[in-house]
Amino acid sequence: MAATLLNRERIGAVVVKDACGSEGVTVVGIFSERDVVRAIAERGAAALRLPVGDLMSRNMISCRMDDSVDHVRALMEQHHVRHLPVMEEHQLVGVLSIRDVLSHDVRAAATLSGAAMADVTEAPLPA
């Protein structure tokens with residue numbers, strides 16, 4: 001079911017929460033396309049019938065809203081992950097993907113490139 005959700009929504013990961021009566025909704029892990037591939041490789045097609053809790057990554061790496069893009073990129077590289085839940089005060093507020101980081105980098109490069117071109121075109125010509 002979770003693999004179907006990833007496919008249907010065209011996303012690479014979902015954050016898994018557990019509703020706990022005394023503590024509210026708690027983030028307990030992340031389930032990604034890598035978890036699906038690993039499970040099938042280890043257990044065959046029967047893995048698709050297992051509960052998400054048996055397959056998800058429980059040692060979840062996360063970031064905060066005020067973390068820099070450079071820090072998020074470093075976390076992704078260091079831990080070999082492509083999705084980072086964004087947490088504030090133990091609450092999930094979003095998920096960043098490597099695609100988000102790369103899109104930011106492309107926009108930043110375009111801005112720098114545009115600024116450099118403006119400097120060149122506005123430079124006075126030698127007399």
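**Group meeting: a walk through the model**

Let me begin with a single residue: His83 has a relative accessibility of 16%, and because the cut-off for burial is under 20%, His83 counts as buried. Please keep in mind throughout that what we are looking at is a predicted model.

His83 sits in strand β3, which covers residues 83-88. If we set aside the neighbours within four places in sequence, the residues in contact with His83 are Gly12, Ala13, Ile30, Glu33, Met76, Val95, Leu96 and Ser97.

Now let me step back to the overall fold. The protein contains five helices and four strands, and when you read along the sequence they follow the pattern α-β-β-α-α-α-β-β-α. The protein has 127 residues, of which 22% count as buried. Its accessible surface comes to about 9,000 Å², and 56% of that surface belongs to carbon and sulfur atoms. As for how the chain meets itself, if we take the contacts with a separation of 6 or more, 37% of them are accounted for by residues 24 or more positions apart.

Next, the interior. Which residues make up the largest nonpolar core? There are ten of them, namely Ala2, Leu6, Val14, Val16, Phe31, Val36, Ala39, Ala47, Leu55 and Met56. At least two residues of this core come from each of three elements, which are α1 (2-9), β1 (13-20) and α2 (33-43). Apart from this core lies another one, of seven residues, and Cys63, Leu84, Val86 and Val101 are among them.

To look at one member of the ten-residue core in more detail, I would pick Met56. Leaving out the neighbours within four places in sequence, Met56 is in contact with Val16, Val28, Gly29, Ile30, Phe31 and Asp35. Two of those partners, Val16 and Phe31, are also listed in the largest nonpolar core. Ile30, for its part, is in contact with Met56 and also with His83, the residue I opened with.

Finally, I would like to turn to the loop between β3 and β4 (91-97), where Glu89 is found and where His90 lies as well. Glu89 has a positive phi of about 55°, although it is not a glycine, and His90 likewise has a positive phi, near 65°, in a residue other than glycine. Are these two loop residues buried or exposed? With a relative accessible area of 72%, Glu89 is exposed, and His90, with a relative accessible area of 73%, is exposed too, whereas His83, in strand β3, counts as buried.

Technical notes:
Residues are numbered from 1 along each chain as its sequence is written. This is a predicted model: local features need pLDDT of at least 70, side-chain atom pairs count only at pLDDT 80 or more; totals for chains, interfaces and linings use all residues. Side-chain values use heavy atoms; hydrogens and water are left out. A nonpolar core is a set of buried Ala, Val, Leu, Ile, Met, Phe, Trp, Tyr and Cys residues joined through side-chain atoms within 4.5 Å. Buried means under 20% relative accessible area, exposed over 50%, partly exposed in between (1.4 Å probe, protein chains only). Contact means heavy atoms within 4.5 Å. Accessible areas come from the Shrake-Rupley method with a 1.4 Å probe; for residues, only the protein chains shown count as cover.
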